[in-house]
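Dear colleague,

I am passing on the structure below, together with some notes on what I found when going through it. Please keep it open beside the text as you read.

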Amino acid sequence: MYVRTTLKTLNDAFFMALEAIRDNLLRSILTLLGIVIGVFAIIAVMTAIRTLESSINTGLNVFGSDVIFVQKSPVIQMGDHNSRRKYWRRPNITYDMALELRDRMVGAEFVSAQDGTGGKTIRFKKESTNPNVGVQGVDEFGLEALNHKLDYGRNFIPEDIEYGRRVVILGTDVIQKLFPFQDPINQTITINGIGFDVIGTLQRKGEMFGQSQDNFVIVPITSYLQYYGSRWTSLGISIKAPDGESFDRTKEEVIDQMRIVRGLGPMDENDFEVTSNDALIDTFGSFTAGIKMFAGAVSVIALVVAGIGIMNIMLVSVSERIKEIGIRKAIGATRNNILFQFLLEAVFLSLIGGVIGVMLGIGVGNMVTLFMKNVAPVIPIDWVFIGLGVCSFIGIVFGIYPAYKAAGLDPIESLRHE
Amino acid sequence: MSLIQVKDLYKIYQMGNTEVRALDGVSVSIEQNEYVSIMGPSGSGKSTLMNLLGCLDTPTSGEFFMDGTNVATMGDDELAHIRNKKIGFVFQTFNLLPKSTSLRNVELPLIYNGEIKAHERRDMAIRALTRVNLGDRVSHKPNELSGGQRQRVAVARALVNNPAIILADEPTGNLDSKTGEEIMTLFDELHKQGNTIILVTHEEHIAAHASRVVRLLDGKIAVDEATNRGKKVTQ
């Protein structure tokens with residue numbers, strides 16, 4: 001019974017609050033603005049990051065699963081000029097080092113060397129691509145290491161690598177450009193003027209950040225080094241652990257053996273970087289964490305300011321409506337009736353602002369998807385609830401004092417008030 | 001027992017060092033379906049008595065029984081419930097919520113009653129408005145109504161809860177004499193229908209509508225007598 005009366009009180013207070021908001025429309029809208037901005041900021045950023053994350057968690061699988069990747073400098077570099085020079089000054093990783101690591105590694109499924117470069121032009125007869133095609137040099141394990149999937153034809157065989165054969169596997173963008181109506185297998189193309197025989201084609205990978213991941217060709221690492229390498233070329237080495245369980249152990253072994261290969265003393269720092277898909281995602285995570293925290297701080301400030309605005313407006317509202325409060329009390333409103341009415345008014349005020357902020361935030365946050373293909377819009381449902389929860393909380397915290405003040409008014413004094 | 005039984009009621013304010021006895025030992029009882037006017041010059045304590053009878057205030061000391069319950073010692077919320085269920089107020093300045101319709105204004109006491117469903121509330125409010133001949137003005141706001149109509153909305157609001165007493169504080173004070181008469185006729189009718197009415201006024205011709213007049217002076221009851229009309233009724 002008590003619960004039912006309370007519910008009824010809430011229900012009636014809800015409609016009274018709506019009436020009061022409607023009666024003071026302009027003022028209510030101005031108050032809402034702060035809340036809208038606060039909620040908008042956090043929701044927009046969270047939505048944008050969520051869309052990026054969903055694109056990255058699928059797109060960032062640069063390496064095959066259980067693959068450890070070794071190269072001279074970190075995959076994602078942050079820091080100043082000095083720290084970058086530190087990486088740049090490290091000795092390059094050569095093909096011989098990769099082969100030596102392969103010999104030394106015991107607990108690895110394969111050890112694969114690779115490198116890539118961009119800006120090449122591929123020609124087939126009279127057809128030609130733009131000078132923006134990537135060329136990757138790999139060995140027979142390269143497809144698996146880099147998470148490429150063969151569509152037709154064959155993979156490289158050890159002899160292709162050993163003898164530096166001029167054979168090539170094509171990415172789908174290149175196939176579409178040069179072989180729109182023709183089977184590319186066994187045809188001869190040129191990469192910056194050097195002829196290669198096509199032995200296979202790759203499956204489509206799609207896009208990440210609006211960038212095609214299929215605009216490249218793959219050649220044996222030995223041929224790559226011969227024709228496209230330079231004295232700045234430093235290889236990457238992919239090492240596949242036998243399974244997920246032994247991943248960490250394999251990683252330790254890679255570091256130990258790599259230190260020997262690089263001729264490091266016991267006290268020397270590693271002059272190479274070890275990374276993996278998980279590490280990449282982690283790095284991205286620490287990068288977005290900063291943005292999230294910044295958006296969070298903006299929201300908190302905006303919401304606190306908005307909360308003070310709500311308190312202000314509710315105090316004005318109470319002092320303007322002293323007579324109304326007197327009337328309500330005279331005809332039987334209890335302290336709680338008045339308290340609920342003004343409290344709910346504050347809560348609904350901020351909730352309405354919150355709903356508008358959420359909608360705007362989701363809208364603007366998803367605009368990121370306009371610039372990237374194949375990224376689905378996201379509604380960060382958890383943040384929607386957090387946002388609305390915080391709004392209610394703000395309404396209660398900053399509404400309680402004005403409401404308490406209203407509830408405590410003396411009916412006789414209030415009735416006399418003009 | 002009488003509907004209202006007041007015994008040795010004191011209301012004393014402390015103003016600095018001086019003690020103001022707004023009510024200085026008032027005893028009065030009012031029966032069911034009585035029509036009483038309370039008169040007195042300003043400062044006589046009539047507003048204070050009216051606030052106490054209306055359960056808007058509590059006395060400094062004394063007994064006040066309304067409908068058999070002791071009101072004098074009640075807390076704020078209990079008083080609010082008594083006001084809601086037993087008292088219908090009609091004020092000099094109407095005191096309607098300016099931005100709400102007649103219907104909404106009349107419904108308000110029922111909302112605070114807390115036990116009446118929304119559609120019942122609506123029906124009851126429309127019935128009350130019809131009783132004061134405003135059945136065709138339910139969706140008008142106070143500023144779309146004349147002074148007399150506003151006061152009739154206020155009367156409908158006072159009636160809607162079916163209160164034990166209707167307490168009217170200078171109900172014609174803000175109306176011209178013709179409209180004032182109309183409102184008084186309305187009170188007369190409500191009295192005939194069995195309502196108990198307490199009228200606070202300083203105008204003799206308004207007080208004359210009642211059957212009994214209580215005159216206050218300096219916080220005490222100076223005269224408590226039947227009016228001419230009251231005498232006629234008893235004859």
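Of the 418 residues of chain A, 41% count as buried, in what is, it should be said at the outset, a predicted model. The secondary structure of chain A comes to 15 helices and 14 strands, and among its contacts with a separation of 6 or more, 83% are between residues 24 or more positions apart. As for confidence, the model scores ipTM 0.93 and pTM 0.69, while chain B has a mean pLDDT of 90, with 98% of its residues at 70 or more.

A good place to begin in chain A is strand 5, which covers residues 133–138. Because 5 of its 6 residues are buried, strand 5 of chain A is largely enclosed by the rest of the structure. Strand 5 of chain A pairs with strand 2 (residues 110–120) of chain A in the antiparallel sense, over 4 bridges, and with strand 12 of chain A in the parallel sense, over 5 bridges. Val135(A) can be followed in both pairings, since it stands opposite Thr117(A) and has Val217(A) of strand 12 as a bridge partner.

Strand 12 of chain A, residues 216–220, also pairs with strand 7 of chain A, here in the antiparallel sense and over 2 bridges, and in this pairing Ile218(A) is the bridge partner of Ile169(A). Strand 7 (residues 167–170) of chain A is in turn joined to strand 9 (residues 194–202) of chain A by 4 bridges, the two running parallel, with Val168(A) and Val198(A) as bridge partners. In general, the strands of a sheet pair through backbone hydrogen bonds, in either a parallel or an antiparallel sense.

The loop between strand 4 (127–128) and strand 5 of chain A holds Asn132(A). Is this residue buried, partly exposed or exposed? Asn132(A) counts as partly exposed, because it has 13 C-beta neighbours inside 10 Å, whereas 20 or more would be needed for a residue to be buried. Leaving aside residues up to four places away in sequence, Asn132(A) touches Gly118(A), Gly119(A) and Asn215(A). Its C-alpha atom is also 5.5 Å from that of Lys120(A), although the two residues are 12 apart in sequence.

Turning to the helices of chain A, helix 10 runs over residues 277–320. Its 44 residues should span 64 Å at 1.5 Å a residue, and its end C-alpha atoms are 62 Å apart, which agrees with that expectation. The buried residues of helix 10 of chain A include Ser299(A), Ala302(A), Leu303(A), Ala306(A) and Val318(A).

Helix 11 (residues 322–330) of chain A is mostly covered, with 7 of its 9 residues buried. These buried residues are Glu324(A), Ile325(A), Gly326(A), Ile327(A), Arg328(A), Lys329(A) and Ala330(A). What covers them? The cover includes helix 12 (335–365), helix 14 (381–407) and helix 15 (411–416) of chain A, and, from chain B, helix 2 (76–86) and strand 6 (87–90). Just after helix 11 of chain A, Gly332(A) takes a positive phi of about 115°.

That cover from chain B leads on to the contact between the chains, which takes 19 residues from chain A and 20 residues from chain B. On the side of chain B that touches chain A, helix 2 and helix 3 (102–113) of chain B each supply at least two residues, and the largest share, 6 residues, comes from helix 2 of chain B. By class, this side of chain B has 8 nonpolar, 6 polar and 6 charged residues.

Chain B also contains an open sheet of 6 strands in the order 6-7-8-3-9-10, with mixed pairing. Strand 6 and strand 10 (220–226) of chain B stand at its edges, each with a single partner strand, so one side of each is left without a neighbour in the sheet. From one strand to the next, the twist averages 20°. Within this sheet, strand 7 (residues 165–169) and strand 8 (residues 196–200) of chain B run parallel and are joined by 5 bridges, with Leu167(B) having Ile198(B) of strand 8 as its bridge partner.

With best wishes

Terms used. Residues numbered from 1 in each chain as written. Chains lettered and ligands numbered in written order. Predicted model: local features only at pLDDT ≥ 70, side-chain atom pairs only at ≥ 80, totals over all residues. Buried ≥ 20, exposed ≤ 12 C-beta atoms within 10 Å, placed from the backbone. Contact = placed C-beta atoms within 7 Å. Nonpolar A, V, L, I, M, F, W, Y, C, P; charged D, E, K, R; others polar. Pairing = 2+ DSSP bridges. Expected span 1.5 Å × (residues − 1). pLDDT = per-residue confidence, 0-100. Axes fitted to C-alpha atoms, helices over the stretch in contact; angles between N-to-C directions.
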